[in-house]
Amino acid sequence: MSSYDVIIIGAGPGGYVAAIRCAQLGLKTACVEGRETLGGTCLNTGCIPSKALLHASHMLHEAEHNFAEMGLKGKSPSVDWPQMQKYKQSTIDTNTKGIEFLFKKNKVDWIKGWASIPAAGKVKVGDEVHEAKNIIIASGSEPSPLKGVEIDEKVVVTSTGALELGKVPKKMVVIGAGVIGLELGSVYARLGSEVTVVEFLDHITPGMDAEVSKQFQRMLKKQGLNFIMGAAVQGTEATKSKAKVTYKLRKDDSEHVIDADTVLLATGRRPFKDGLGLEVLDIQMTDRGQIQVNDHWETSVKGIYAIGDVIEGPMLAHKAEDEGMAAAEQIAGQHGHVNYSVIPGVIYTHPEVANVGETEETLKAAGRAYKVGKFSFMGNARAKANFSGDGFVKLLADKETDRILGCHIIGPAAGDLIHEVCVAMEFGASAQDLAMTCHAHPTYSEAVREAALACGDGAIHM
Ligand code: FAD
Ligand code: NAI
């Protein structure tokens, strides 16, 4: 048995960041992880492997579609799937090993195994019970099941199986036009699969600014993705190598069946709490099954905290990381804080889609007067040169004060561009503040400045 100031359960982006910050603040810290490697869903089966496959398949797309026009002649590359899988795995390995290095450097003990909490102040791993003045639960999330859809991770898969298919399927059906469905659907469409996305709602990516969502769907269609909208999946039927997906169209209740070699279920994720023994502790939950916490990330049991996907809020790695740092600071007697109104979201398709803050829809619903500054990447020299003129930046600012309220970008490097708006929002900046900041030419970021100019007297290049 060992005694610690803090034991963290789970070494995903929430848990490992919390562990490092606790150690930096002088607390004796251990992190329990049940997987063979550190880094959680994000590094092992989420953000990192999916981005590796997005990168590789995007390179293929560039070679097939844009190389010849730039004067790069020759045979297009063909797909060596086992090698692409190796590349993906090496990306995972270097990142997970990196966290092991950081644990050693910061003197965080990695307790290997699955943890439960027999009582406040105690963490059990295997036969050993460790003592902890504070416990942080960072146990993450798992794919939500869907009635009638039986997952075998071979033919009918979640994102985990979709990242390691035996081969590139001829026909793939994706259930759910959310982030996972569109990122992984894009990967396989670029690699040559016929991809059909079946979505319950009439629009893709719920919660996204409606104008961006429409443009995004148009662009994905142009890239070859098929969409069946307003369709409720009733179930799947799988053999060893094929599956049938039955869905009902909501408009007329008609039933249809579609064939696939692979079906990807991507209809959301839910908090993972199995085996922690929370029932015994009487920890309060939200009605959506998340662990309930207060402003300091403390649960209803004193000394037990929770962060990341297992609590409320967007299921994003950077949100989990920020909560990890803030909870550690709270435990150390500091004033850890997360500004939930400035958490960017990015979809790493091509083009990327990024957002932060309010949408036009949320502002209208709140009855808030706002103005829109919009700039198309067609007016951005760098984007045009790089075949990336499709898309736009849309900045939303308060009508009276000009304070930036939100930003929505669909276009090249959107996931990087969004951060200058995040910083501006953290400082309470106005659109004019962004517009008056000199932006280097020729960069994509000039489009952000032009959108800010469009909130005032007008953009220059549009
Ligand atoms: P997790 O990363 O899920 O880590 C929890 C860890 O806790 C796991 O390793 C688990 O094994 C361990 N654990 C659980 N219970 C116990 C126990 N009892 N004992 C010991 N260990 C335990 N987010 C982004 O921001 N950007 C992206 O590009 C992105 N891409 C994604 C792609 C996919 C395919 C998926 C599935 C998710 C993606 N996400 C992305 C979401 C992101 O992965 C999660 O939001 C993030 O990993 C949450 O971090 P976490 O620390 O809360 O939990
Ligand atoms: P999601 O919540 O993004 O999308 C689920 C989609 O499925 C929605 O469009 C929903 O309307 C649809 N749906 C629900 N039930 C359905 C049904 N019965 N039939 C058809 N469609 C149905 O969930 P997703 O894509 O599974 O992602 C889970 C989480 O992972 C997200 O919350 C996201 O935050 C995180 N993630 C983040 C990434 C990023 O930041 N780039 C990448 C991948 C995942």
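**Close-up 1. Cysteines without disulfides.** This predicted model holds zero disulfides. Cys22 is one of the unpaired cysteines: the nearest cysteine sulfur belongs to Cys31 and is 9.7 Å away. A disulfide requires two cysteine sulfur atoms within 2.5 Å, so Cys22 takes part in none. Cys22 has a relative accessible area of 0% and is therefore buried. Cys42 has a relative accessibility of 11%. Buried means under 20%, so Cys42 also counts as buried.

**Close-up 2. Lys394 and its surroundings.** Lys394 sits in strand 21, which spans residues 392-398. Its relative accessible area is 1%, so Lys394 is buried. The Lys394 side chain makes a polar contact of 3.0 Å with the side chain of Asp209. Leaving aside residues up to four places away in sequence, Lys394 touches Asp209, Glu211 and Glu360. Val372, Gly373 and Lys374 are touched as well. Gly406, Cys407 and His408 complete the list of contacts.

**Close-up 3. The second largest pocket.** The volume of this pocket is about 530 Å³. Its lining has 23 residues; closest to the centre are His61, Gln223, His350, Phe387 and Asp390. By class, the lining comprises eight nonpolar, nine polar and six charged residues.

**Close-up 4. Helices around the second largest pocket.** Four helices each supply at least two lining residues: helix 3 (47-65), helix 6 (179-190), helix 7 (210-222) and helix 11 (381-385). Helix 3 gives the most, with four residues.

How values were computed. Residues are numbered from 1 along each chain as its sequence is written. Chains are lettered from A and ligands numbered from 1 in the order in which they are written. This is a predicted model: local features need pLDDT of at least 70, side-chain atom pairs count only at pLDDT 80 or more; totals for chains, interfaces and linings use all residues. Side-chain values use heavy atoms; hydrogens and water are left out. Buried means under 20% relative accessible area, exposed over 50%, partly exposed in between (1.4 Å probe, protein chains only). A polar contact is a pair of N or O atoms within 3.5 Å; within protein, one must be able to donate a hydrogen and the other to accept it, and residues adjacent in sequence count only if both atoms are side-chain atoms. Contact means heavy atoms within 4.5 Å. On a 1 Å grid over the protein atoms alone, a cavity is a set of points where a 1.4 Å probe fits but cannot get out, and a pocket is an open set with protein on both sides within 12 Å along at least five of seven lines; lining residues have an atom within 4 Å of a point. Grid points are joined across faces, edges and corners, and a volume is the space filled by probe spheres set on the points. Ala, Val, Leu, Ile, Met, Phe, Trp, Tyr, Cys and Pro count as nonpolar, Asp, Glu, Lys and Arg as charged, and the others, Gly among them, as polar.
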